[in-house]
Amino acid sequence: MRYSLEQRLSALVYGAIVLCLIFCVNASAQTVNSTVTGVVRDAAGAVIPGAKVTLTDAATKLSINTTTNGEGFYLFNNVRSGYYAVAGEATGFKKSEVRDVKVDVGAPATVNDNLEAGQIAEIVTTTASHSQAVVNTEN
């Protein structure tokens, strides 16, 4: 069976439209955001549930807060790329802050925080290395 030129062109156009739609859907699924996660522990390595964790954008100074779950885990979704500070605090512990945490698109940042016993008014500050994906704030 032979197809006319018009039928062949129609088939090519429909095929091109289908391919374009497939590629457009894949392109829209790409994200410009990432995540920041970690676990908050005490000096003995025990997890601290209910710890307050604050993520602060170094450029805009905007902050968002979350609380660790029963396993001491926290998660910040939809974080734009850039540099951030991650602060952890809990009753009976010194506040801990990790600065210069680099967040890249598609490369989640993990900041595990170890809180020292003391008062929240006392702050332990650490600077993250540019090449580190995982930061542990142990002294």
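**Close-up views of a predicted model**

Asn78 is found in strand 4 (residues 73–80), in a model that is predicted rather than determined by experiment.

**View 1. Asn78 in strand 4 has a positive phi.** Let us stay with this residue for a moment. The phi of Asn78 is near 55°, although the residue is something other than glycine. Most residues other than glycine have a negative phi. Asn78 is also exposed, with a relative accessibility of 61%, which is over the 50% cut-off for that class.

**View 2. Strand 2 and strand 3 form an antiparallel pair.** Here strand 2 (residues 52–57) is joined to strand 3 (residues 63–67) by 5 bridges. If you would like a place to start, look for Lys52, which stands opposite Thr67 in strand 3.

**View 3. Lys61 lies in the loop between strand 2 and strand 3.** The hairpin made by these two strands has 5 residues between them. Within this hairpin, Lys61 takes a positive phi of about 65°, and Lys61 is not a glycine. Is Lys61 buried or exposed? Lys61 is exposed, because its relative accessible area is 60% and exposed means over 50%.

**View 4. Confidence in the protein is lowest in strand 9 (residues 134–136) and highest in strand 2.** The mean pLDDT is 44 for strand 9 and 98 for strand 2. Over residues 130–139 the pLDDT is below 50, and this stretch has 21 contacts in the model beyond near neighbours in sequence. Where pLDDT is low, the predicted coordinates should not be read in detail. For the protein, the mean pLDDT is 82, with 73% of residues at 70 or more.

Key:
Residues numbered from 1 in each chain as written. Predicted model: local features only at pLDDT ≥ 70, side-chain atom pairs only at ≥ 80, totals over all residues. Heavy atoms only, no water. Pairing = 2+ DSSP bridges. Helix = DSSP H or I, 4+ residues; strand = E, 2+ residues; numbered from the N terminus. pLDDT = per-residue confidence, 0-100. Contact = heavy atoms within 4.5 Å. Buried < 20%, exposed > 50% of the residue type's maximum accessible area, 1.4 Å probe, protein only.
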